[in-house]
Each structure stands twice: as C-alpha cells, then as structure tokens.
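I opened this notebook to record what I looked up about domains and helix packing. The entries follow the order of my queries.

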Amino acid sequence: TRLNDGFYNNWGHTYYFQADGSRLDNGFYNNWGHTYYFQADGSRLDNGFYNNWGRTYYFGNDGARLDNSVYSNWGHQYYFGNDGALVQNSDVTVSGKKYHADNEGILTEKNNVDTKVDRALSQRGVPYVWGGNTPAGFDCSGLVQWAYGLGSNYRTTYQQATLGTHQRDVMNAPKGSLLFFGSDSAPYHVAISLGNGTYVHAPEPGDVVKIGYSRYFKPSFFITL
C-alpha cells in the first residue's frame with residue numbers, strides 16, 4: 001500500500017510522503033505549530049543548519065525549526081527569532097535580558113550601562129527644555145534622570161553629583177559615567193560619558209540632545225554609578 005500523507009523512518013532517517021504519495025524533497029512541512037525541512041534526498045533535516053536567501057535557520061534533534069529560542073554551540077549563544085531566522089546585527093531581549101547579536105549572530109549580554117547609554121542616545125535631536133525630563137524635551141539633568149531611571153531625589157545636577165565619588169581623570173571617564181562641569185559643590189551641567197572623550201548631553205536652550213567632546217568642552221569631574 002502506498003504511503004499517503006505520512007512519515008516513513010528508515011536507517012535513522014525520516015521521510016515524508018504527501019497526500020498524492022510523492023516524497024517531499026527540498027521542501028518545508030508544517031505540522032502542529034512546527035516547521036520541518038526535507039532535503040534533496042527526502043530526509044528530514046535534524047540537528048543542522050539551513051541557509052536560504054541569505055538567512056540561516058536551525059532544525060533541532062526532532063527536526064523542528066528553532067523559533068523564538070536560544071541555541072548554544074561551542075561556547076556561544078545564538079537567537080532564532082519569530083520567523084526562525086538567526087538574528088544578526090541587532091539587539092534582542094530574551095527572558096527579560098538584553099543582548100546584542102553580532103554579524104555572526106553571537107549573543108553578548110548588554111549590561112545596565114549599555115542599556116542606559118542607549119536610552120540617552122535614542123533621544124538625540126530632542127529639543128532642550130528647561131526642567132524637562134521626558135522625550136518631549138530635556139534639560140541636562142533631566143536627560144540623566146530619564147536615561148538612568150533615577151528617582152525624584154536625584155532630579156538636579158547638584159543631587160546627581162552626590163551619587164558617587166568625584167574623580168578627576170575626565171578624559172578617561174568610562175562609558176556610562178556621569179560627567180560634571182563646574183565646582184564639586186555647585187556643578188552647573190552634567191553629561192553621560194560614551195568613553196574616549198565623548199559624551200551625550202542636553203546642552204542649552206535653543207539646542208538639542210547631541211554628542212559632545214571633552215576636548216572642546218571639558219568636564220571638571222566624573223562619577224561612576
């Protein structure tokens with residue numbers, strides 16, 4: 001009897017025969033929310049990668065395509081998205097943690113500093129507004145408060161300067177540290193370090209959130225959170 005619409009297992013390989021009895025070759029099969037791929041010889045692709053139109057997919061031990069899941073191999077982690085494709089050159093959140101997938105899809109967890117700096121950078125072009133601490137407009141300390149999720153007790157530049165020890169080597173301030181301008185007791189401006197002598201800040205009325213450079217406008221001290 002010809003096998004119609006069913007699976008056949010032989011010598012450790014799985015094959016699928018369609019409703020008309022023909023074997024499925026070079027094709028996908030969807031069943032119960034899972035996607036499978038049958039290769040040129042008709043065997044199901046198990047525990048292997050498949051590349052198609054510049055995108056990479058992975059099929060597990062049971063042949064099911066890995067969707068919305070992390071795959072670990074040789075000490076690295078990779079994430080396959082909702083459509084099953086490997087996520088590359090992008091940020092992704094997995095189980096509440098933020099990661100960056102590089103060109104090869106290797107995941108690196110983004111620490112809190114990266115997340116907060118990215119929040120500040122996302123507001124470039126937002127106008128300076130005195131007393132502003134929302135994406136409708138920021139002043140310098142308002143941008144810091146919003147990006148770092150600080151409470152109302154740390155709304156002003158003076159208050160934020162009390163969050164850590166004042167350090168002087170401002171040209172080597174690490175990414176995510178807060179740069180202050182003015183005296184220790186009365187700083188008049190604050191920025192967020194991007195490392196390498198650069199920072200993001202809300203400069204002054206009439207301007208917008210943007211990148212600044214310590215070689216042109218040098219901070220007086222910095223703190224690390």
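Which residues in α1 meet which residues in α2? I worked from a predicted model. On the α1 side I listed Lys 116, Val 117, Arg 119 and Ala 120. Their counterparts in α2 are Leu 143, Trp 146, Ala 147 and Tyr 148. I then sorted the residues of this contact by character and noted six nonpolar, two charged and no polar.

Next I looked up the geometry of the pair. Helix α1 covers residues 112-121 and helix α2 covers residues 140-148. Their axes lie 8 Å apart, and the packing angle is about 135 degrees. Angles over 145 degrees would count as roughly antiparallel and those from 65 to 115 as roughly perpendicular, so I entered α1 and α2 as oblique to each other. I recorded the crossing of α1 and α2 as right-handed.

I turned to the annotation. An unreviewed UniProt entry places the feature "domain: NlpC/P60" at residues 110-225. Over residues 110-225 I noted 20% helix and 25% strand. The end C-alpha atoms of that stretch are 16 Å apart.

Finally, I consulted the domain assignment of the protein chain. It gives domain 1 as 6-109 and domain 2 as 114-223. How far apart do the C-alpha centres of domain 1 and domain 2 lie? I entered a separation of 44 Å between these two centres.

Terms used. Residues are numbered from 1 along each chain as its sequence is written. This is a predicted model: local features need pLDDT of at least 70, side-chain atom pairs count only at pLDDT 80 or more; totals for chains, interfaces and linings use all residues. Side-chain values use heavy atoms; hydrogens and water are left out. Axes are lines fitted to C-alpha atoms, for helices over the stretch in contact, and angles run from 0 to 180 degrees between N-to-C directions. Helices (H or I, at least four residues) and strands (E, at least two) are DSSP runs, numbered from the N terminus. Angles under 35 degrees count as roughly parallel, over 145 as roughly antiparallel, 65 to 115 as roughly perpendicular and the rest as oblique. A crossing is left-handed if the near helix is turned anticlockwise from the far one by less than a right angle, and right-handed if clockwise. Contact means heavy atoms within 4.5 Å. Ala, Val, Leu, Ile, Met, Phe, Trp, Tyr, Cys and Pro count as nonpolar, Asp, Glu, Lys and Arg as charged, and the others, Gly among them, as polar. UniProt positions are given in the numbering used here, feature names are shortened, and annotations may be inferred rather than shown by experiment. Domain bounds come from an automatic or database domain assignment.
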